[in-house]
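Me: Please take a close look at the backbone in the loops of this model, and then say how one pair of helices packs. I would like one connected account.

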Amino acid sequence: MQAGILSKSTGQPGAAAGTAGAGGPTVAEQWAAFIHDTDFRDLPADVVARAKSRLLDALATALAARALPVPGVARRFVGAESSAAAADRGPATLIGYPERLSTVDAAFVNATLVNGCTHDDFLAKSHPGAVVIPAALAAGEAHDASGAALLAAVVLGYDIVARAYLGAPGMLPAFRGTGVAGAIGAAAAAAKTMGLAPRQLVNALGCAAMFASGFGEGFRSGTMDVKLNVGWASRTGVSAAELAAAGATASPLAFEGESGYFRAFGRSADHAAEATRDLGKRFLIEDVVYKERPVCIFVQTPVHLALELKARHDLAPDRIERVTIRAPWLTLTNPGYTNVAPYQTPLKARISARFTVAAALLGRPVDEYAYYENIEDAEVLALAERIDLLDPAGDQDGRVDLEVHGGGQTYRASGLEMDSLTPTTGKIAAKFDRLTAHLPARRAEAARRMVMSLEEVPRIGALTALLRPD
């Protein structure tokens, strides 16, 4: 089935029951058939390995974020801290906590945990792990899904996140990919673990499109709203799937219709074909990148280049007179990338190219989440003021250029954006061990082993049990 998945209901490529008119199946119907008909057994071994690495990465970042303010706000919102009976209020686990809540509440809180340390993965301008994995875990746990079913839901959720962006790339920078496209992928993942029928899947995707939301102004101010938006996107996806299961309907033309998602968020339906191109022939989770450092994805490469230059030339702080960074246009215009002092919150600093690159050049521990509490580091602030962010050159494409000027010399480094961030099993296992070092060693090791053999686990409750404290 890998090369061009056929609908079980029609026998036609990508079609689903109830196609709309003579024009053939709609985007939602093609996605629905793909989601419904794709089984774990259809997934290539390397795609399964990538799904396991994404799950392990998400659990690591979630467990590391347990004490952060945003998940705390999310827990208070759902009432997880308000009653001794909270542990018995639903079927879904909160990662790192004893509570079991409703699926929508668990997805909401867990998404803020995965995204909490700004250390989660990235695909097609979104953070798919933070929205897809909490949705799949919550719905899967509630429906006694197997480990294999969870892995399939993760793969499909990532695919739909990417496709929901590719069909409407004009959503940036006005809207936020994770809040908008992420909600669609979360619905796909939740609906897959729930075993929804093709028509229900169309309705779930359409409802998620209607509820999708999010913009990036909070990155400029460093406020919580952008973090809570990630949680809301995952909650939206689960809500859409559960509404569809309860009988809710949505337009089959929710995406490419005259008043649909592509035109509303992307300003045009001109890219609609990209949303289904090669559907089922290649799984887009293969294109995902991970974060090595707990900073914005768009400053990962400038920071990496700064560390390379510092190591190569042993740059002394007093030799650095001026720094320039030239990056692609979508990077330069990403909300928060150009942030300047005062950095009222750590989030505002960890999003800023100026702050993070200055910290890297000065040898600060930029790999450590806690470092960014030092938003008044005088040396970093002084150097950040001497960093210029330049408009992209004509041939910039995906390249980032960094130049450090000082002592009559110029030191240069260039690299393709995010080129150093392709995940491998070894890198993600090391990151998991690093971020879970505070946990009982046997518990963390058991969770890691189970994720890496998850297709053999009959019920994912065995995994989520390891994520709750004794």
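Reply: In this predicted model, proline 342 lies in the loop between α13 (329-332) and α14 (346-351), and the peptide bond that leads into this proline from alanine 341 is cis, with omega near 5°. Another cis peptide bond runs from leucine 172 to proline 173, with omega near -5°, and proline 173 is found in the loop between α6 and α7 (177-194).

Positive phi values can be followed through the loops as well. Alanine 124, a residue other than glycine, has a positive phi near 50°, and its place is in the loop between α4 (103-116) and α5 (128-142). Aspartate 278, also a residue other than glycine, has a positive phi near 55°; it lies in the loop between α11 (261-266) and α12 (297-313), where aspartate 278 is partly exposed, with a relative accessible area of 43%.

As for the helix pair, α1 (residues 27-37) packs with α6 (residues 147-166) at an angle of about 165°, their axes being 11 Å apart. Since angles over 145 degrees count as roughly antiparallel, α1 and α6 are therefore roughly antiparallel to each other. The crossing in which α1 passes α6 is right-handed. On the α1 side the contact is made by Trp31, Phe34 and Ile35, and on the α6 side by Leu156, Asp159, Ile160, Arg163 and Ala164. By character, the residues of this contact of α1 with α6 comprise 6 nonpolar and 2 charged, with no polar ones.

Methods. Residues are numbered from 1 along each chain as its sequence is written. This is a predicted model: local features need pLDDT of at least 70, side-chain atom pairs count only at pLDDT 80 or more; totals for chains, interfaces and linings use all residues. Side-chain values use heavy atoms; hydrogens and water are left out. Axes are lines fitted to C-alpha atoms, for helices over the stretch in contact, and angles run from 0 to 180 degrees between N-to-C directions. Helices (H or I, at least four residues) and strands (E, at least two) are DSSP runs, numbered from the N terminus. Angles under 35 degrees count as roughly parallel, over 145 as roughly antiparallel, 65 to 115 as roughly perpendicular and the rest as oblique. A crossing is left-handed if the near helix is turned anticlockwise from the far one by less than a right angle, and right-handed if clockwise. Contact means heavy atoms within 4.5 Å. Ala, Val, Leu, Ile, Met, Phe, Trp, Tyr, Cys and Pro count as nonpolar, Asp, Glu, Lys and Arg as charged, and the others, Gly among them, as polar. Buried means under 20% relative accessible area, exposed over 50%, partly exposed in between (1.4 Å probe, protein chains only).
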